[in-house]
Amino acid sequence: MKFSILTLFPEIIETYASASIMGRARQKGVIEVQAVNIRDFSTDAHRKVDDSPFGGGSGMVLTCQPLESAYESLLPLKQPARVFMTTPTGRRFDHHFALELTQAQEIVIFCGHYEGFDERIKQLIPEMEEVSIGDYVLTGGELPALSMMDAITRLIPGAVQKFTSVQADSFYDGLLDYPHYTRPAEYKGLKVPDVLLSGNHAAIEQWRKAQALERTQRLRPDLLK
Ligand code: SAM
């Protein structure tokens, strides 16, 4: 799986994608990550990538030319490919969306900044889909791009050491995760549930399933519908 992230801040992408599980997934060849600096493709004498909005108002808008040229530099994409523009107005990214995207060979993500993109970029790149990571507004698309890349990567077998641990995480089976405990068995008078110390694997499994169900019912009843 190849991730091509178009951004004004490639160092943000590089730093995150080089550390921990993402870094190891890259080293193992499970994923490939390239951060492309949109500014490198500006034909403006001052490498300008934004301009003031027609009609007035505050903020700057990313211009079409560097975005389109940066995208063209990636072509041809590995197929099947998906191309995304990060925007609060897009389709909400979630576990099912991440799972769907594991089928792609290349994922291109445009990171916006300031007021976002000139609307016409959608006509210039008609394959581009709009994606949001939630109903709040961030200053840039780097965190959304990294969130997507991270969530998708850990669903690819080989990225995380034990895929069974990914399958046991929240949302994979439709439920929230069960509670976890580690040593010591008692801390400041707080005890670990007895069943987890019993060594009875069937009973532990049953307890975990019941806990996951109870938690989901209590915290996210919408998931059970
Ligand atoms: N004017 C835009 C609006 O109100 O919908 C917000 C622009 S935001 C300040 C700058 C950039 O951050 C966006 O172009 C987008 O790339 C990114 N961004 C911010 N919040 C986001 C979210 N919830 N999901 C995805 N991308 C987001």
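Here is a short chat about the cysteines and the ligand in this predicted model.

Me: What should I know about the numbering and the model?
Reply: Residues are counted from 1 along each chain as its sequence is written, and side-chain values use heavy atoms, with hydrogens and water left out. Because the model is predicted, local features need pLDDT of at least 70 and side-chain atom pairs count only at pLDDT 80 or more, while totals for chains, interfaces and linings use all residues.

Me: Why is C111 not called part of a disulfide?
Reply: A disulfide is a pair of cysteine sulfur atoms within 2.5 Å. The closest cysteine sulfur to that of C111 is in C64, 17 Å away, so the two are too far apart for a bond. A search of the whole structure finds 0 disulfides.

Me: Why is C64 called buried?
Reply: Buried means under 20% relative accessible area, exposed over 50%, and partly exposed in between (1.4 Å probe, protein chains only). C64 has 12%, so the word buried applies. C111 is buried too, at 1%.

Me: What makes the approach of G112 to the ligand a polar contact?
Reply: The term covers a pair of N or O atoms within 3.5 Å; within protein, one must be able to donate a hydrogen and the other to accept it, and residues adjacent in sequence count only if both atoms are side-chain atoms. A polar backbone atom of G112 is 2.9 Å from an oxygen atom of the ligand. For G134, a polar backbone atom sits 3.0 Å from a ligand nitrogen atom.
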